[in-house]
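User: I have a model open and want to go through it piece by piece. Can we start with one residue that caught my eye?
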Amino acid sequence: MLKFMRNKVMSVDRSAPNRLSAFGTLDDDLYGLDMEVVFSQDELEILSISGQWHRWTTPECPRALDKLQPAVGMRLAPGFRADVAKVIGRGACRHFANLLIEMAHAAKNAKMAIEYQEAKEQDPDLSLESFIKNWQPGVSAPAATAKAQAASAATPVSHPPLADAPRPTGGMVIDMHVHTSPASPCAGAAIEDLIAEAKRIGLSGLVITDHNHVWSAEDIERLGREHDFLVLRGNEVITDQGDVLVYGLEKDIKGVTKLADLRAQVEAAGGFMAMAHPFRGFLITGVEQMGLSVEQAAEREMFKHVDAIEVLNGKVTPDENGFSGRVAEALGLPGLGGSDCHEMGTIGCYATEFTVDIKSEADLVQALRQGNYHPVRFRD
């Protein structure tokens, strides 16, 4: 059985009045590395950077440590990601580059949280939503506070709590996002066990969406026949703009592909694609809309290339699911539900209810394209 695990952890501390010290580590079966970066709080400029290897694969890897210094002076501004990918990713190491990008965004969130706390001390009635709406990474805290105070006084902000996800009403309920072992290295349950559990809890069917792996039609037909259960196939494709659930495309895509190219292939095949867990990790602070409004999120390029958005996903927080739902509503895109299960215990927590009968992959794609479905909460 193939297994692979990757851990990525980072922390940010305010080490001085205008200093944010970030520490990041990446550890998996192949690589182990640490990075320490100091940012200025006011402009999120990299003031110093250092790295350390614990485990590597080629003689070239250790030489990357000497090539991190060109990042000093870079600021988290438009073009930052591309600059880091070019200077650090190509010149040093893509693992350090990816870690640096995430550490910079963590520093941005830390800056915002610190400045909101400071603004709150001056104005106890200042709402987080008002502060975030007027906050910009490169704007000083007093200026952002003044804008937020004016906006809060003019227009009170109210966000009622999200209603619970709906329960099934009698249609076919299919888990649209399921991973199996060993096809998905991050999964730990075999397809036969997942099918047995899906039948036990009362699901109507499941769709296997292993990472960059398409099951053969023969294997899917055999599984359905042997277990007397609806088993369909999809694919979770890694793109340059995030993970995408694809249905109705038989091509087995490996590695990272461009979202626009994937869209062209899916359209040519008459398939359907949905953005998977689009805001996973964005709201890990527990603060709703931390630095990202629904309007801003809806403008992201990735949503121009998909047919739907996964709005109920078992691997993200309720706030992140709720935020995805608001974005889908703002865009007029339908929502999907899926467990994103990697183990048996979570299959069916979220699913999609269809108002028509689904007996085949063609039925599934047709129902998706016609909009005969809605996301549901199936299992606690």
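User: Where is Asp340 found?
Analyst: Asp340 sits in the loop that runs between β12 (335–338) and β13 (350–354). Keep in mind that this is a predicted model.

User: Is Asp340 buried or exposed?
Analyst: Asp340 is buried, and it has no salt bridge.

User: Which side chain of opposite charge is nearest to Asp340, and how far away is it?
Analyst: That is Arg280, at 4.2 Å. A salt bridge is counted within 4 Å, so the pair does not qualify.

User: What else is Asp340 in contact with?
Analyst: Leaving out neighbours within four places in sequence, Asp340 contacts His177, His179, His277, Arg280, Asn313 and Lys315.

User: Let's back up to the whole chain. How many helices and strands are there?
Analyst: The protein has ten helices and 14 strands.

User: And how much of the protein counts as buried?
Analyst: 47% of its 380 residues. The exposed surface comes to about 18,100 Å², with 51% of it supplied by carbon and sulfur atoms.

User: What share of the contacts comes from residues far apart in sequence, say 24 or more positions?
Analyst: Among contacts with a separation of 6 or more, 64% are between residues 24 or more positions apart.

User: Back to charges. How many salt bridges?
Analyst: The count is 18. One of them joins Glu118 and Arg14, with the closest N and O atoms 2.9 Å apart.

User: What does that pair tie together?
Analyst: Glu118 lies in helix α2 (residues 94–122) and Arg14 in strand β1 (residues 6–16), so the bridge ties together parts that are 104 residues apart in sequence. Glu118 is partly exposed at 29% relative accessible area, and Arg14 is also partly exposed, at 42%.

User: What about Glu197 and Arg200?
Analyst: Their side chains meet in a salt bridge, 2.9 Å from N to O. Both are in helix α5 (residues 191–201), and because they are three residues apart, about one helical turn separates them.

User: Which of those two is buried?
Analyst: Glu197 is buried, with a relative accessible area of 12%, whereas Arg200 is exposed at 59%.

User: Any bridge between distant parts involving Glu361? Which partner does Glu361 have?
Analyst: Glu361 forms a salt bridge with Arg233, and the closest N and O atoms are 2.9 Å apart. This pair links distant parts of the chain, since Glu361 is in helix α10 (residues 361–370) and Arg233 is in strand β7 (residues 230–233), 128 residues apart. Glu361 is partly exposed at 21% relative accessibility, and Arg233 is buried at 8%.

User: Which residues do shared partners join into a network?
Analyst: Glu43, Glu45 and Arg75 are joined into one network by salt bridges that share partners.

User: Now the nonpolar side. Which residues touch the most other members of the largest core?
Analyst: Ile46, Ile88, Phe96 and Leu100, in a core of 32 residues. At least two core residues each come from β2 (19–28), β3 (32–40), β4 (46–55), α1 (80–90) and α2.

User: Which element gives the most to it?
Analyst: α2, with nine residues.

User: What does Phe96 touch?
Analyst: Not counting residues up to four places away in sequence, its contacts include Leu33, Met35, Trp53, Leu65, Leu68 and Ile88. Asp34 and Gln52 are also among them.

User: What other core is there?
Analyst: Another core, apart from that one, has 26 residues, including Leu262, Val266, Met275 and Ala298.

Technical notes: Residues numbered from 1 in each chain as written. Predicted model: local features only at pLDDT ≥ 70, side-chain atom pairs only at ≥ 80, totals over all residues. Heavy atoms only, no water. Helix = DSSP H or I, 4+ residues; strand = E, 2+ residues; numbered from the N terminus. Buried < 20%, exposed > 50% of the residue type's maximum accessible area, 1.4 Å probe, protein only. Contact = heavy atoms within 4.5 Å. Areas by Shrake-Rupley, 256 points an atom, 1.4 Å probe, with all protein chains shown as cover. Lys, Arg positive; Asp, Glu negative; His and termini not counted. Core = buried A, V, L, I, M, F, W, Y, C linked by side-chain atoms within 4.5 Å.
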